[in-house]
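Reader: Please pick one part of this structure and take me through it slowly, then show me what lies around it. I am in my first year, so explain each term when you use it.

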Amino acid sequence: MLRRGVYVEEDETELVLGRVNDGGNGRRGASPVCLIGRLLSEKATNTYALMDVMIKSFKAKGRLTARDWGNGLLVFSFELIEDRKWVLLQQPWHFDGALFLIKPIVGSEQPSSLTLSEADFWVRAHDIPLLCQNLETIEAVAGRLGHLVAYENPNPLDPNEFLRLKVKIDVTKPLRRGLNINFDGEKLWIPFTYEALPDFCFCCGVIGHFYKSCKYVDRDLEVEPKDFMYG
């Protein structure tokens, strides 16, 4: 490269890195088991208080540490992979009413390059016709919400007033209030309710901000949460 009229040749030889604790000799050692997390909130937050609360909430059996990675990101390092699996299964996580997004760090992924925009939620799909309470319906409904993670197996001999499924949802999009279905030529509305729902906007249905700061709210109107679509 040129620097102040002088050509400087840079060494572009690829640097090969070994895994953590492999001593640089290529032998695989104990690599860290990590999660990255970010609080989805417009409120000011004490980072150290957040780390302390989340570490206690994760209830790890092995050693667990947290580090502030900057730009609102936290990295959690687990001694036991079982602890990380449990934390992922217990989603969604909250702090002071706000959603705490988490994602596992895999292989050579860099924490700063990861996008945190999804979370797992238990959703109840209400008033589904009894003849439709089956796995096929669960998969179809989940496909409209996001990606199916888990579900409660429907029992045709003991039908319920709702189907319960856990779905990975894109939290940058508005929450779906329900779904229009066509059953034997009849159009029906299937409403959704979300379990352990964090703070979200009653106007646009997006998680992470309140209606008072929503860009879609007309500031000239005096409105209450009940006046909005999600109120």
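**Strand 10 and its surroundings**

Author: Strand 8 (residues 118-126) and strand 10 are paired antiparallel, over nine bridges. Strands are DSSP runs of E with at least two residues, helices are runs of H or I with at least four, and both are numbered from the N terminus. Two strands count as a pair if DSSP finds at least two bridges between them. The model is predicted, so local features need pLDDT of at least 70 and side-chain atom pairs count only at pLDDT 80 or more, while totals for chains, interfaces and linings use all residues. Residues are numbered from 1 along each chain as its sequence is written, and side-chain values use heavy atoms, with hydrogens and water left out.

One bridge sets Trp 122 against its partner in strand 10, Lys 166. Trp 122 also has Arg 164 over the face of its ring, at 4.0 Å from the ring centre. A charge sits over a ring if NZ of Lys or CZ of Arg is within 6 Å of the ring centre and within 35 degrees of the ring normal.

Strand 9 (residues 147-151) is joined to strand 10 by four bridges, and these two run antiparallel. Here Leu 148 stands opposite Val 167 of strand 10. Strand 10 itself spans residues 162-170, and seven of its nine residues are buried, so the rest of the structure largely encloses it. Buried means under 20% relative accessible area, exposed over 50%, and partly exposed in between, with a 1.4 Å probe and protein chains only.

Strand 10 also belongs to the elements that give two or more residues to the largest nonpolar core; the others include strand 8, helix 3 (135-145) and strand 12 (186-194). A nonpolar core is a set of buried Ala, Val, Leu, Ile, Met, Phe, Trp, Tyr and Cys residues joined through side-chain atoms within 4.5 Å. This one has 32 residues, of which Leu 99, Phe 121, Val 171, Phe 192 and Ile 207 touch the most other members. Apart from it lies another core, of 17 residues, including Phe 58 and Trp 93.

Val 171 deserves a separate look. Leaving aside neighbours within four places in sequence, Val 171 is in contact with residues including Leu 40, Leu 99, Phe 121 and Ile 207. Contact means heavy atoms within 4.5 Å.

Two of those residues, Leu 40 and Leu 99, are bridge partners, with Leu 99 in strand 7. Strand 3 pairs with strand 7 in the antiparallel sense, over six bridges. Strand 3 is joined to strand 5 by six bridges as well, again antiparallel. There, Cys 34 faces Ser 77 of strand 5. Seven of the eight residues of strand 3 are buried, so strand 3 is largely enclosed by the rest of the structure.

Strand 5 leads on to the aromatic rings. Rings of Phe, Tyr and Trp (its six-membered ring) pair if their centres lie within 6.5 Å; planes under 30 degrees apart are stacked, over 60 edge-to-face, and the rest tilted. By this rule there are six aromatic pairs. Phe 58 and Phe 76 form an edge-to-face pair, 5.2 Å centre to centre with 65 degrees between the planes. This pair links helix 1 (Phe 58) with strand 5 (Phe 76), 18 residues apart. Phe 58 counts as buried because its relative accessibility is 1%; Phe 76 is buried too, at 0%.
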